[in-house]
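Trainee: Before I rely on the labels given to residues and contacts here, I would like to go through the reasoning behind a few of them.

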Amino acid sequence: MLKPLKKNVAIAIDGGGIRGLVVTKALSVLETHLGKSVRDLFQLAVGTSTGSIIAAGIGMGISADKMTSLYLRLGQTIFPTTLRKLLFPLTRYRYSDGPLKDGLLTHFGTTKMGGFWGKQPPIDVVITAYDLVENRTRFIKPWKPEYQNWLVTKAIQASCTVPTYFPIVDSRFIDGGVGSYGNPCYVAAYEAKECLGWDPAETTLISIGTGRAPYAFQPDQGPKLWSWDWIAKALGVFQQSAYDQQVHLVENYFNDLDFRRFQIDMRENIEMDDIHQMDRLVAYGARLGRMILNDQYDWAQGIEIKQAEY
């Protein structure tokens, strides 16, 4: 059964587009089991891309069950099959950002990032986005003066703007996962200890992934791949390796932290805009929720990293 949580509880949520459904459904299972809203569970919520929507939703007090319903309803309007999508890559991006903007405005309104810090009790919500002009990852936080007046909708849209899928925000901001933080668990651990001053021994950090695609090769598969096959394989392996690296960083540099990484291995590769697989994603989320309750951590957690021999 679920181990007791520590005094301070944080959550970090990966990117993954419509696969955010896996997380919202898993959190709804957790809500039902504990009999309380995710807003009452977490004092720190960190998210990248689709994870930023969920992190901000937690900050706004939106239940995980309602967020699941929002994903199911809005997914088809945000990722529609249009002429623009069918003509890609002859177009600069696959989808208009209008439906995403409208959906965010409906549910987050004109709330500013600083508003999270002013709530009772306050909650720290950290959203990652990549700044093309300054060539660095931005960590958009409610207590930092330069971000307090940012609209929550702008921060989320910036974090969700995956290159080639949506037009970039303010001609400079794109998906936070383009950098090193598609999995923002290290950001959350650092924020908790170094910025909020939490004692790691009194802190639980729950890190949740949006599903691991089956990128593993079969023994005889490599020689049969064409160049275009390698592109998808290599990108998938690179991304997953970066996600797992963040797990190892937290384990190595925050030894006293009660760190719990949860991820589910999918049987198929579900793309971030595949709205035809939403029912399957909800099913994966229900399974992931049960894994959380049973303390079944991601297999990437606890792997011993040995120094290379030269």
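Mentor: Let us begin with Leu 86, which lies in helix H5, residues 83–87, bearing in mind that this is a predicted model.

Trainee: Why is Leu 86 called exposed?

Mentor: Its relative accessible area is 63%, and exposed means over 50%, so Leu 86 is exposed. Together with Leu 83, Leu 87 and Leu 90, Leu 86 makes a nonpolar surface patch of about 480 Å².

Trainee: What makes the contact between Asp 131 and Arg 172 a salt bridge?

Mentor: The closest N and O atoms of Asp 131 and Arg 172 are 2.9 Å apart, and because the cut-off is within 4 Å, the pair counts as one. Asp 131 lies in strand E3 and Arg 172 in the loop between helix H8 and strand E5, so the pair ties together parts that are 41 residues apart in sequence.

Trainee: How do you know which of the two partners, Asp 131 or Arg 172, is buried?

Mentor: Buried means under 20%; Asp 131 has 0% relative accessibility and therefore counts as buried, whereas Arg 172, at 21%, is partly exposed.

Trainee: Why is the contact of Asp 298 with Arg 261 also called a salt bridge?

Mentor: The N to O distance is 3.8 Å, which is set against the limit of 4 Å, and the contact therefore qualifies. Asp 298 and Arg 261 are both buried, and they belong to a network of salt bridges that also links Asp 14, Arg 212, Asp 244 and Asp 265.

Technical notes
Residues are numbered from 1 along each chain as its sequence is written. This is a predicted model: local features need pLDDT of at least 70, side-chain atom pairs count only at pLDDT 80 or more; totals for chains, interfaces and linings use all residues. Side-chain values use heavy atoms; hydrogens and water are left out. Patches are made of residues with over 30% relative accessible area and no salt bridge: like charges are joined within 9 Å, nonpolar side chains (Val, Leu, Ile, Met, Phe, Trp, Tyr) within 5 Å. Accessible areas come from the Shrake-Rupley method with a 1.4 Å probe; for residues, only the protein chains shown count as cover. A salt bridge is a side-chain nitrogen of Lys or Arg within 4 Å of a carboxyl oxygen of Asp or Glu. Helices (H or I, at least four residues) and strands (E, at least two) are DSSP runs, numbered from the N terminus. Buried means under 20% relative accessible area, exposed over 50%, partly exposed in between (1.4 Å probe, protein chains only).
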